[in-house]
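User: Please take a close look at the pockets of this model and at the part of the fold that surrounds them. I would like one connected account rather than a list.

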Amino acid sequence: MAVLPIRITGDPVLHSPALPVETIDDELRALVRDLFETMDAAPGVGLAAPQVGVPLRLFTYGWVDESGSRWRGVAINPELWITPPPAGEPDLDEESEGCLSFPGERFGLRRAERAILRATDLDGERFEIAAEGWLARIFQHEYDHLDGTLYTDRLDDHDRRIVAKIMRKLGWGGAGESWMPGVDDLEG
């Protein structure tokens, strides 16, 4: 297992649709182990394969909800159904979101309150999870990565201007830019 560098916004792999996983084999299992290790080291609650430079439709997630239930798994070739997001401005205390591919920043973003995730696990078995609240948000965020969308792409004009200023200031926006969890202090 290995912690992998996480690509930073602007890298083409983050802004392009990912390809379907064709085969679940030892190479894919190793990638999933590395995704979990990288996600945990970052630390994050989800990590999509494109974020480590692999343009495949899969993501990992790991989160403990308010009741202490642990949600941890991998979604291969996922499908996602969501309810319409609520109208209005996001509540910055409840709806702030961050991203390991835009490290160190958080912005308010409205997401659907409920989602249904259908995907395949590492054993090749199909599964379905009906999610609400933060877990639904995690699924939407990671699923977006598979379509080449970062959460910053969904922000309002004001926040997108702030994102652009941050990118210019930090020199982000090119191919191959990344940070290494446990080495670089970009999340702080």
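Analyst: What follows describes the two largest pockets and then the sheet and helices. The model is predicted, and every value below is computed from it.

The largest pocket holds about 270 Å³ of space, and 16 residues line it, of which G44, V45, G98, C99 and R106 are the closest to its centre. Helix α2 gives the largest share of this lining, five residues, while strand β5 (96-99) also supplies at least two. By class, the lining of the largest pocket consists of six nonpolar, five polar and five charged residues.

The second largest pocket has a volume of about 150 Å³, and its lining includes L80, I82 and P85 as well as Q140, Y143 and D144. Here too the largest share comes from α2, with three residues, and β4 is another element that supplies at least two. The lining of the second largest pocket divides into six nonpolar, one polar and four charged residues.

As for the sheet, five strands form an open, antiparallel arrangement in the order β2-β3-β4-β7-β8, with β2 (46-48) and β8 (126-132) as the edge strands, each paired on one side only. From one strand to the next the twist averages 40 degrees. Helix α1 (residues 26-41) packs on this sheet, where it touches β2, β3 and β4 (70-82), and its direction makes about 40 degrees with that of β3. Helix α2 (residues 133-146) packs on the sheet as well, touching β2, β3, β4, β7 (114-120) and β8, with its direction at about 160 degrees to that of β3.

Conventions. Residues numbered from 1 in each chain as written. Predicted model: local features only at pLDDT ≥ 70, side-chain atom pairs only at ≥ 80, totals over all residues. Heavy atoms only, no water. Pairing = 2+ DSSP bridges. Helix = DSSP H or I, 4+ residues; strand = E, 2+ residues; numbered from the N terminus. Axes fitted to C-alpha atoms, helices over the stretch in contact; angles between N-to-C directions. Contact = heavy atoms within 4.5 Å. 1 Å grid on protein atoms, 1.4 Å probe; cavity = no way out; pocket = protein on both sides within 12 Å on 5 of 7 lines; lining within 4 Å. Points joined across faces, edges and corners; volume = space filled by probe spheres on them. Nonpolar A, V, L, I, M, F, W, Y, C, P; charged D, E, K, R; others polar.
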